[in-house]
Amino acid sequence: RFVWNTQVTGLLRGDEIPARRERIAGVEIRELRTGAQRQIAADEVILATGGFQSNLEMVRQYWPADTPFPSRILIGSGRNS
């Protein structure tokens with residue numbers, strides 16, 4: 001299940017559950033629209049943190065050396081945009 005407009009503020013470890021010890025057992029979140037904080041337990045947690053596409057300085061810094069930087073670019077675009 002996806003949870004939109006939400007910031008993960010922490011990871012929950014499964015220390016209290018012997019079979020899940022040393023595993024991530026969920027997340028602590030803050031709902032960005034309401035500010036409400038809560039915990040969500042999960043069997044699996046996927047961290048999809050994105051990249052640095054919105055940071056033009058980093059896009060320039062890590063641009064492939066063998067490819068000329070374009071004169072125009074959408075901020076955060078990849079080299080094929």
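**Exercise 1. An aromatic pair**

Is F69 buried, partly exposed or exposed? Classify F69, then W63, and describe how their rings meet.

*Solution.* The model is predicted. Start with the cut-offs: buried is under 20% relative accessible area, exposed is over 50%, and partly exposed lies in between. F69 has 26% relative accessibility, so F69 counts as partly exposed. W63 has 14%, so W63 counts as buried. Now take the rings. Their centres are 4.7 Å apart, and their planes make an angle of 70 degrees. Planes over 60 degrees apart count as edge-to-face. The pair W63 and F69 is therefore edge-to-face, given that cut-off. The count of aromatic pairs comes to one.

**Exercise 2. The overall layout**

State which secondary-structure elements the protein has, and in what pattern they follow one another.

*Solution.* Count first. There are three strands and one helix. Then read along the sequence: the pattern is β-β-β-α. Finish with burial. Of the protein's 81 residues, 16% count as buried.

**Exercise 3. The sheet**

Work out the strand order, and explain why β1 and β3 each have one side without a neighbour in the sheet.

*Solution.* Step one is the order. The sheet is open, has three strands and runs β1-β2-β3, with antiparallel pairing. Step two is the edges. β1 and β3 each have a single partner strand, so one side of each lacks a neighbour in the sheet. Step three is the twist. On average, neighbouring strands are turned by 25 degrees against each other, direction ignored.

Some background on pairing helps here. Strands of a sheet pair through backbone hydrogen bonds, in either a parallel or an antiparallel way.

**Exercise 4. Bridges across the sheet**

How many bridges join each pair of strands, and which residues stand opposite each other?

*Solution.* Take β1 and β2 first. They pair in the antiparallel sense over seven bridges. T6 stands opposite E31 in β2. Q7 has R30 in β2 as its bridge partner.

Move on to β2 and β3. Five bridges join these antiparallel strands. G26 is partnered by A41 in β3. E28 stands opposite Q39 in β3.

Now follow Q39 to L11. The two residues are 28 apart in sequence, yet their C-alpha atoms are 9.2 Å apart in space. L11 is found in strand β1. L11 has 42% relative accessibility, so L11 counts as partly exposed.

**Exercise 5. Positive phi and a buried glycine**

Find where N5 and G35 sit, and give the phi of each. Then decide whether G14 is buried or exposed.

*Solution.* Begin with a general expectation. Most residues other than glycine have a negative phi. N5 has a positive phi, near 55 degrees, and is not a glycine. N5 lies in the segment before β1. At 38% relative accessibility, N5 counts as partly exposed.

Next, look at the hairpin of β2 and β3. Five residues lie between its strands. G35 in this hairpin takes a positive phi near 80 degrees.

Last, G14. This glycine is found in the loop between β1 and β2. G14 has a relative accessible area of 0%, so G14 is buried. G14 and D43 are 29 residues apart in sequence. Their C-alpha atoms are 10.0 Å apart in space.

**Exercise 6. The largest pocket**

How much space lies in the largest pocket, and what lines it?

*Solution.* Start with volume. The largest pocket holds about 630 Å³ of space. Then find the lining. There are 18 lining residues, and R1, F2, V3, V27 and I46 are the closest to the pocket's centre. Assign the lining to elements next. β1 (6-13), β2 (24-31) and β3 (37-41) each give two or more residues. The largest share comes from β1, with three residues. Finally, sort the lining residues by type. They comprise 13 nonpolar, three polar and two charged residues.

Methods:
Residues are numbered from 1 along each chain as its sequence is written. This is a predicted model: local features need pLDDT of at least 70, side-chain atom pairs count only at pLDDT 80 or more; totals for chains, interfaces and linings use all residues. Side-chain values use heavy atoms; hydrogens and water are left out. On a 1 Å grid over the protein atoms alone, a cavity is a set of points where a 1.4 Å probe fits but cannot get out, and a pocket is an open set with protein on both sides within 12 Å along at least five of seven lines; lining residues have an atom within 4 Å of a point. Grid points are joined across faces, edges and corners, and a volume is the space filled by probe spheres set on the points. Helices (H or I, at least four residues) and strands (E, at least two) are DSSP runs, numbered from the N terminus. Ala, Val, Leu, Ile, Met, Phe, Trp, Tyr, Cys and Pro count as nonpolar, Asp, Glu, Lys and Arg as charged, and the others, Gly among them, as polar. Two strands pair if DSSP finds at least two bridges between them. Axes are lines fitted to C-alpha atoms, for helices over the stretch in contact, and angles run from 0 to 180 degrees between N-to-C directions. Rings of Phe, Tyr and Trp (its six-membered ring) pair if their centres lie within 6.5 Å; planes under 30 degrees apart count as stacked, over 60 as edge-to-face and the rest as tilted. Buried means under 20% relative accessible area, exposed over 50%, partly exposed in between (1.4 Å probe, protein chains only).
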